[in-house]
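Subject: Handover of a structure, with notes on what was found

Dear colleague,

I am handing over the structure below, and I would be glad if you could keep it open while you read the notes that come after it.

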Amino acid sequence: MALLAQKEGKTTFPLEKFYVEREKNRISILSKFTFGLSTGVGNTFFSHQLPGFSIYQISGQAPVLFDTQGLDLTTPPTIADLNKANRFTNWVNDASATNSVISGTDVIDVNTAAFKGNGNALNIPLKLTVHYEYKQFRIGAGYSYELMSLGSFKIASSDKSYTLSPTSTLGFMSKYFGLLGYSFYRIDKYLLTVDANIGNFSPGSNFNNALIQKSLYYNLGLTIEKDFSEYFKVFARPSLELKSYALAVGGKSIDHSMNAIYLNVGVTYRIPELPRCYNKDCRIQINHAHGNKEYRSRSHKIYEKQNPSYGENDPVLIKYKGKNKRKLNPY
């Protein structure tokens with residue numbers, strides 16, 4: 001028998017007749033990527049300064065910005081001076097000019113001091129991402145589409161303040177970005193990752209984009225993930241965002257800072273490498289083969305943490321769960 005099995009140290013018994021050679025699985029390239037979907041809430045902090053401009057206000061009306069170029073401000077400007085100047089009723093999301101003639105009884109206040117403005121906007125984002133993971137590193141891309149609602153702006157000098165209400169306060173901002181991340185700490189089912197989104201943004205249809213020159217935007221965040229399985233996770237991501245734009249106003253421009261803070265919550269999903277086992281009666285909890293093809297367990301749910309090498313990581317066995325727990329003899 002030994003002579004049949006071995007000859008000069010080599011196996012001569014035809015083992016391939018007893019063991020099926022497994023076919024290599026065709027793994028979809030998409031299974032190498034993780035897809036994310038999130039929403040949340042944010043607040044944009046607008047701020048700008050108004051060098052070369054001053055403000056006047058007519059009783060019962062909104063403040064008006066006027067260009068001080070060519071005016072001698074050593075003395076207060078006259079009504080005739082104001083009527084000749086370039087004047088604007090909105091200088092946040094559009095350069096809305098006014099050509100209405102001012103009479104001597106209209107103006108109640110003319111202030112030529114240095115001004116700066118501050119305001120807020122509410123943001124509600126819907127964000128899609130896709131990234132590839134290599135060890136602790138992540139690289140990917142994404143798109144964010146978010147509702148932005150502009151609030152009132154406080155325009156103030158050293159001793160006076162005005163309230164500006166921009167026109168077309170409601171709009172949708174879009175962003176395209178690249179994603180970089182590094183996972184630096186894990187505890188049980190929780191993973192912490194620092195990441196950055198860097199890309200372009202468009203403030204939306206309620207901004208006059210023809211008059212706007214935008215910067216890149218930089219979003220820095222901390223992603224806190226909880227594993228429900230190797231395929232499915234939930235996460236929260238607080239972040240800080242830096243961006244700005246310049247709005248052309250007459251022959252000049254006003255630089256606006258629109259930094260923001262966000263809190264996103266969402267889910268990520270990765271497509272499994274193996275198809276689900278076709279046999280409805282199969283209860284194997286590890287990756288396994290039927291014939292010459294390999295499958296993942298039918299018990300390997302996307303919302304339960306499991307190890308595909310040895311089955312479900314759960315202190316309660318399947319035979320004690322669900323309808324099985326009513327059996328007198330679970331075996």
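The notes below go through the core, a few single residues, the strands and the empty spaces.

Please keep in mind from the start that this is a predicted model.

**The nonpolar cores**

The largest nonpolar core has 30 residues, and those that touch the most other members are Phe46, Leu50, Leu65, Ile155 and Tyr245. Two or more residues of this core come from each of strand 4 (53–58), strand 10 (137–156), strand 11 (161–164), strand 12 (170–187), strand 17 (244–249) and strand 18 (252–270). Another core, of 8 residues, lies apart from it, with Val64, Leu82, Ala85 and Ile102 among them. As general background, nonpolar side chains in soluble globular proteins tend to be buried together.

Ile155 is a convenient place to begin looking, and when residues up to four places away in sequence are left aside, its contacts include His48, Leu50, Ile55, Trp91 and Phe115. On the same basis Ile155 also touches Lys116, Gly117, Lys160, Ser161, Tyr162 and Leu164.

**His48**

His48 belongs to strand 3, which covers residues 33–49. Is His48 buried or exposed? Its relative accessible area is 3%, which is under the 20% limit, so His48 counts as buried. The side chain of His48 is joined to that of Trp91 by a polar contact of 3.2 Å. Not counting residues up to four places away in sequence, the residues that His48 touches include Val92, Phe153, Ile155, Ile254, Asp255 and His256, as well as Trp91.

**Strands 10 and 11**

Strand 10 and strand 11 run antiparallel and are joined by 4 bridges, and a hairpin through 4 residues leads from strand 10 to strand 11. Within this pairing, Lys154 has Thr163 of strand 11 as its bridge partner. Strand 11 shows a covered face, made of Tyr162 and Leu164, and an uncovered face, made of Ser161 and Thr163. This can be read beside the general pattern that side chains in a regular strand alternate between the two faces of the sheet.

**An open sheet**

There is also an open sheet of 5 strands, paired antiparallel, in the order 7-6-5-4-8. Its edge strands are strand 7 (96–97) and strand 8 (107–111), each of which pairs on one side only. Strand 6 (residues 87–90) runs antiparallel to strand 7 and is joined to it by 2 bridges, and Phe88 stands opposite Ala97 in strand 7.

**Asn259 and Tyr190**

Asn259 lies in strand 18 and counts as partly exposed, with a relative accessibility of 25%. A polar atom of the Asn259 side chain lies 3.1 Å from the backbone nitrogen of Lys243, while a polar contact of 3.3 Å links the side chains of Asn259 and Ser257. Leaving out residues up to four places away in sequence, Asn259 touches Asn43, Thr44, Phe45, Glu241, Leu242 and Lys243. Asn259 and Leu240, which are 19 residues apart in sequence, have C-alpha atoms 7.7 Å apart in space.

Tyr190 lies in strand 13 (residues 190–202) and is partly exposed, at 39% relative accessibility. With residues up to four places away in sequence not counted, Tyr190 touches Tyr185, Glu225 and Lys226. From C-alpha to C-alpha, Tyr190 and Lys233 are 9.6 Å apart, with their positions 43 residues apart in sequence.

**Cavities and a pocket**

How many cavities of 30 Å³ or more does a search of the whole structure find? The search finds 2, and the largest cavity holds about 200 Å³ of space. This cavity is lined by 17 residues, of which Thr129, Leu179, Asp195, Thr223 and Phe235 are the closest to its centre. Among the elements that give two or more residues to its lining are strand 3, strand 12, strand 13, strand 15 (217–227) and strand 16 (232–242).

The second largest pocket has a volume of about 280 Å³. Its lining has 13 residues, and Thr34, Glu133, Glu230, Lys233 and Arg270 lie nearest its centre. Strand 9 (116–134) and strand 18 each supply at least two residues of that lining.

With best wishes

Terms used. Residues are numbered from 1 along each chain as its sequence is written. This is a predicted model: local features need pLDDT of at least 70, side-chain atom pairs count only at pLDDT 80 or more; totals for chains, interfaces and linings use all residues. Side-chain values use heavy atoms; hydrogens and water are left out. Buried means under 20% relative accessible area, exposed over 50%, partly exposed in between (1.4 Å probe, protein chains only). A polar contact is a pair of N or O atoms within 3.5 Å; within protein, one must be able to donate a hydrogen and the other to accept it, and residues adjacent in sequence count only if both atoms are side-chain atoms. Contact means heavy atoms within 4.5 Å. A nonpolar core is a set of buried Ala, Val, Leu, Ile, Met, Phe, Trp, Tyr and Cys residues joined through side-chain atoms within 4.5 Å. Two strands pair if DSSP finds at least two bridges between them. On a 1 Å grid over the protein atoms alone, a cavity is a set of points where a 1.4 Å probe fits but cannot get out, and a pocket is an open set with protein on both sides within 12 Å along at least five of seven lines; lining residues have an atom within 4 Å of a point. Grid points are joined across faces, edges and corners, and a volume is the space filled by probe spheres set on the points.
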